[in-house]
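User: I've got a new model open and want a quick walk through it. Can you take my questions as they come?
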Amino acid sequence: MSTPWRIGILGCGGLGKAAAALLEPKAEMRLVAVCDTQGWAHCPAGITAADVAGVAPGESIAAQPIGRRSDDPIGEMVRLGVAGEVDGFFLALPNLPSDFLPSVVRRFAEGGFQGVTVDALKRTVAVEQILALDEPIREAGMVHMTGCGATPGLLTAAAALAAQSYQTVEAVDIRFGVGIANWDAYRATVREDIAHQRGMDFEKAKAMSDSDVERFLAERSWILELHDMEHADDVMLERAGVVTRDKVKVGGLVDTKRAKKPVSTSVQVTGVTFEGKRSTHTFTLGDETSMAANVNGPAFGYLKTGLWLRGRGITGVFTSADVMPRFVR
Ligand code: NAD
């Protein structure tokens, strides 16, 4: 494997499209493969952001000039990876039901893929399923990086770093603000946040039609409030030895009609130093940075770390709290 690394993206939705745009000016990574529910594309010379941008919400890459239709587009990605045509994949797929992404990662491992996969999973239950795949992933000779978006991801890693000032960590408090001009551009993200609302769950959110979603959002003035979320930052920080999971709190506000963030995104880490002083470190993201920038930037940074580990013969599952992301030039 040498640069530019050949990259595949699973999912041509909000994150997938933004990921293609983010990769375009990079010298170290080249997008060569994409897929969605109905189709896929493989262009060794490179897929442009414009090729992916043409896919309207709910439509498929299969209808684009570079696309092909398939009954098993994920299988096509696994095949390309196993054939050595792709070095690393970003799984920008919905995780409804909660074992869907773990099942995709298992397919790569069982197929014998020897490269790197990265996800931006959010739920604790899903990341736990991924962590349980460590053995088949190591046996395949693969690296999987999990929880590598914004939260979990950038903020979890920041918490693990901030914790170093303390002898004991008492609390990690993550509060995020997201502004999306049109919910339709991030259908899975919005449905997964709806699944966290009172009286809702995965199955109910998945079964909602687009007009059900619109009605649900309109009834709440297009703003979703999220408290005490079941979010994998907890299991990741516990595994990294920072703090037990019950001390990690995650919540936020998502505006599904306006791009402006309703509140700044931050992580606060409270602890006591070796001198007995209690303090709080706060890391706040710039309000101008979008969800797409804060998810996709770390995802590719961690993909680069995965490629670096793989190049040194290290395999298995790692979280964003286990290692630092490397910067993709
Ligand atoms: P989206 O709905 O806009 O797009 C999903 C894409 O996946 C579509 O192209 C769809 O065709 C494709 N897809 C769906 N099922 C598929 C299947 N079975 N096979 C192949 N392709 C399939 O989604 P999005 O809003 O871009 O979100 C993607 C994921 O990113 C979500 O799971 C969300 O939770 C996650 N996310 C994570 C963070 C974080 O900070 N960790 C933040 C935002 C979003």
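Analyst: Sure. This is a predicted model. One place to start is a helix pair: α3 passes α4 in a right-handed crossing.

User: What angle do α3 and α4 pack at, and how far apart are their axes?
Analyst: The angle is about 35°. The axes are 9 Å apart. Helix α3 covers residues 73-82, and helix α4 covers residues 100-111.

User: Which residues meet there?
Analyst: From α3, Ile 74, Gly 75, Met 77, Val 78 and Val 82. They meet Phe 100, Val 104, Arg 107, Phe 108 and Gly 111 of α4. By class, the contact has seven nonpolar residues, two polar and one charged.

User: What comes just before α4? I'm looking at Pro 97.
Analyst: Pro 97 sits in the loop between β5 (88-91) and α4. A cis peptide bond links Leu 96 to Pro 97, with omega about 0°.

User: Where else is there a cis bond, say around Thr 151?
Analyst: The bond from Thr 151 to Pro 152 is cis, with omega near -5°. Pro 152 belongs to the loop between β7 (143-146) and α7 (154-162). For context, most peptide bonds are trans.

User: Now the ligand. How many residues surround it?
Analyst: There are 28. The closest are Cys 12, Gly 14, Leu 15, Thr 189 and Glu 192. The shell splits into 16 nonpolar, eight polar and four charged residues.

User: Which helix gives the most to that shell?
Analyst: That's α8, with four residues. Helices α1, α8 (187-195) and α12 each supply at least two.

User: Which backbone atoms come up against ligand oxygens?
Analyst: A polar backbone atom of Ala 150 is 2.9 Å from a ligand oxygen. For Thr 151, a polar backbone atom is 3.1 Å from a ligand oxygen. Thr 151 also leads into the cis bond to Pro 152. Ala 188 has a backbone N or O atom 2.9 Å from an oxygen of the ligand.

User: How much of the ligand's area does the protein cover?
Analyst: The protein covers 87% of it. On its own, the ligand has 880 Å² of accessible area.

User: Back to α1 and α12. How do their axes cross?
Analyst: At roughly 65°, with the axes coming within 10 Å. Helix α1 is residues 14-23 and helix α12 is residues 291-311. The crossing is right-handed.

User: And what makes up that contact?
Analyst: On the α1 side, Leu 15, Ala 18, Ala 19, Leu 22 and Leu 23. On the α12 side, Ala 292, Val 295, Asn 296, Gly 297 and Phe 300. The contact has eight nonpolar residues, two polar and no charged. Leu 15 is also among the residues closest to the ligand.

User: Different spot: where does Val 323 lie, and what does it touch?
Analyst: Val 323 lies in the segment after β13 (316-319). Leaving out residues up to four places away in sequence, Val 323 touches Met 145, Tyr 302 and Thr 305. Its C-alpha is 13 Å from that of Pro 152, which is 171 residues away along the chain.

User: Last one. What's the sign of phi at Ser 221 and Asp 228?
Analyst: Positive at Ser 221, near 50°. Positive at Asp 228 too, about 40°. Neither Ser 221 nor Asp 228 is a glycine. Most residues other than glycine have a negative phi.

User: Where do those two sit?
Analyst: Ser 221 is in the loop between α10 (210-219) and β9 (223-226). Asp 228 is in the loop between β9 and α11 (233-239).

Technical notes
Residues are numbered from 1 along each chain as its sequence is written. This is a predicted model: local features need pLDDT of at least 70, side-chain atom pairs count only at pLDDT 80 or more; totals for chains, interfaces and linings use all residues. Side-chain values use heavy atoms; hydrogens and water are left out. Axes are lines fitted to C-alpha atoms, for helices over the stretch in contact, and angles run from 0 to 180 degrees between N-to-C directions. A crossing is left-handed if the near helix is turned anticlockwise from the far one by less than a right angle, and right-handed if clockwise. Contact means heavy atoms within 4.5 Å. Ala, Val, Leu, Ile, Met, Phe, Trp, Tyr, Cys and Pro count as nonpolar, Asp, Glu, Lys and Arg as charged, and the others, Gly among them, as polar. A residue is near a molecule or strand if one of its heavy atoms lies within 4 Å of it. A polar contact is a pair of N or O atoms within 3.5 Å; within protein, one must be able to donate a hydrogen and the other to accept it, and residues adjacent in sequence count only if both atoms are side-chain atoms. Accessible areas come from the Shrake-Rupley method with a 1.4 Å probe; for residues, only the protein chains shown count as cover.
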